[in-house]
Amino acid sequence: MEYPEILQVEVTNRCNFNCMMCVRHVWQADQVDIDLALFSKLGKEALPHIRRLDLYGEGEPFMHPDILKIIKIAREYLPRGGEILMNTNGSLLTPNIADKLIKTIGKAILTFSVDTSDARKLERMRQGALPKRIYDNFKYVAKNRGEVKLGIEAVITKENYMDLPELVRKVGEEGGDFILVSHVVPYTKAMFNSSVYVPFSKESLEVMREALDYGWDLIREANYAILAQAYTGRSLEMSASTIHRKLWEEAMSKGYWINLPMFFESKDKLMLVKEVEKYFTEAEKVAYEYDLDISLPPLFPDAKKRHCPYVDKKALFIRSDGKVAPCMDFAYSHPMYVNMHLKMIREVIMGDLNRESLLDIWNSDKYMNFRKIRENMPVNIPWCGDCPYSALDCFYTKSNDMDCYGNEPNCAECLYSVDIARCNI
C-alpha cells in the first residue's frame with residue numbers, strides 16, 4: 001500500500017471571473033466549497049505522506065471563505081519541506097490577504113493566471129478582471145514573498161500569442177521566477193479555431209508535405225483504387241493511390257501514422273504556427289535576459305513522446321465535493337472539440353473521500369490498472385491526432401468511454417499527454 005506524492009485539492013469550484021477559455025461555459029456542476037472537516041480528515045490521513053499539496057482546481061481558491069484556515073491545516077500536517085502550490089487569478093490576493101498568506105504558507109509556489117500585459121485584452125479574455133489590481137497584487141507579492149516562488153501561467157490563443165515576449169519582460173522586471181505557457185483547451189469549435197497549435201505529429205507533417213498539392217483528390221482517388229480492388233479483384237493503379245501508399249509506408253517506417261484529412265484542413269493553421277514560433281523564440285530570449293524560467297508548449301504533438309503528467313508525478317485530483325478523479329480533465333463532464341469533431345468527456349471518478357479513505361482509493365485495482373496502462377502511453381494507447389479516422393466520424397472518438405485498443409477510459413486524444421495543454425502540478 002502506498003500514497004500518491006502530490007494531491008491536487010480543489011478547495012472550491014466557484015469563481016469570480018468568466019474567462020473565455022474556461023470549462024465553466026460548457027459544464028453542468030454544482031458549485032461547492034470543500035468542507036473544512038473533510039479537509040482536516042484528509043490532512044490527518046494523507047498529508048504527512050506526500051511531498052506537495054496543490055490547492056486549486058476549476059475555481060478561484062481565494063473564493064473559499066476559509067482558505068487561510070485550509071492553508072494552516074495543511075501546514076500542520078505536511079512534512080517538513082513539503083510544498084504548497086496555488087494557482088490564482090490574482091484578483092482577491094490584496095496586500096492584506098497576501099501578508100496573511102505569506103506568513104502562513106511557508107515554502108510554496110504561487111502562480112497568477114495572466115495571459116497578456118495588454119490590459120484591454122486581459123479584460124476580454126478574463127471577464128471580470130481588473131488588470132491594474134491584478135498587476136499591483138503581483139508586484140506586492142513579489143516584493144514580500146518570503147519563501148514563495150512566484151510566477152505566471154498564460155494561456156495563448158490567436159489573440160495574444162504576439163504579446164508573450166512583452167509579458168515575459170514584465171514578469172522579469174517585477175522579479176517573478178517563472179512563466180508557464182499553455183495552449184487553450186478547445187471545449188468548442190470556436191475555441192479550437194482560436195488556438196495556435198496543430199493536432200498531428202510534426203514527424204507526420206514532414207511525410208505529408210508531398211500531398212499538399214493534391215488536396216482531397218488524393219484521398220478520393222486512393223479510395224477508388226481500394227474499392228476497385230475490393231469489388232472486382234483487380235488492381236486499379238492510379239498515381240494518387242501510389243502516392244498515398246508511399247506516404248503511409250514512409251510514415252510507418254518511422255513509427256507514425258498520417259492524418260491527411262486533418263492535414264488538408266490545417267493549411268492556414270500551419271502558416272500561423274510559423275508565425276507563433278517566432279514569438280516563442282523571442283520570448284525565450286527575453287526570459288534568458290532576466291534569468292527567468294520559461295516553459296513553452298510544443299506547436300505540434302509527438303505521438304511517440306506521450307505521457308500522463310498525473311501518472312508521472314503520482315498525482316491525483318480531489319474535487320471540492322470530495323470525489324477523486326485521476327486528473328483535472330476527467331474531474332467533470334464536458335464537451336471537447338478535437339481532430340475536427342466534438343466529443344463528450346465524461347467524468348471519471350475513482351472514489352469518494354466522504355465514504356472511503358484516500359489510501360484505499362489510490363490502491364484500488366481499478367486505479368492501479370489505470371496508472372499501469374498510462375506508464376507507457378505510446379505503446380498502450382493510440383494517438384488519434386495522427387489517425388485519419390479521427391477526422392472522419394470514428395465511433396471511438398465520440399466520447400472518452402473506450403479507445404480502439406479497448407482501454408477504458410479513452411485518453412487517445414488527451415492534449416495534456418502531448419504537452420499542448422499544460423498541467424500545473
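**Exercise 1.** By about how many helical turns are Glu275 and Lys278 separated in helix 12?

*Solution.* Let's start with the setting: this is a predicted model. Helix 12 covers residues 267-289, and within it Glu275 and Lys278 are three residues apart, so about one helical turn separates them. Next, look at the side chains: the two form a salt bridge, with their closest N and O atoms 3.9 Å apart. Finally, check the surroundings: Glu275 is partly exposed at 29% relative accessibility, while Lys278 is exposed at 57%.

**Exercise 2.** Find out which parts of the chain the pair Arg51 and Glu5 ties together.

*Solution.* Begin with the contact: Arg51 and Glu5 form a salt bridge whose closest N and O atoms are 3.0 Å apart. Now place each residue. Arg51 sits in the loop between helix 1 (36-45) and strand 3 (52-54), and Glu5 in the segment before strand 1 (6-9), so their pairing joins parts 46 residues apart in sequence. One more step: a network of salt bridges links Glu5, Arg51 and Lys314.

**Exercise 3.** Explain why Cys394 is not bonded to Cys387.

*Solution.* Recall the cut-off: a disulfide needs two cysteine sulfur atoms within 2.5 Å. The closest cysteine sulfur to that of Cys394 belongs to Cys387, and it is 6.4 Å away, which is too far for a bond. Try Cys404 too: its nearest cysteine sulfur, in Cys384, is 6.3 Å away, and Cys404 is in no disulfide. The count of disulfides comes to zero.

**Exercise 4.** Describe how strand 12 meets strand 13.

*Solution.* The two strands run antiparallel and are joined by five bridges. One example is Tyr337, whose bridge partner in strand 13 is Leu342. Together the strands form a hairpin with two residues between them.

Conventions
Residues are numbered from 1 along each chain as its sequence is written. This is a predicted model: local features need pLDDT of at least 70, side-chain atom pairs count only at pLDDT 80 or more; totals for chains, interfaces and linings use all residues. Side-chain values use heavy atoms; hydrogens and water are left out. Two strands pair if DSSP finds at least two bridges between them. Helices (H or I, at least four residues) and strands (E, at least two) are DSSP runs, numbered from the N terminus. A salt bridge is a side-chain nitrogen of Lys or Arg within 4 Å of a carboxyl oxygen of Asp or Glu. Buried means under 20% relative accessible area, exposed over 50%, partly exposed in between (1.4 Å probe, protein chains only).
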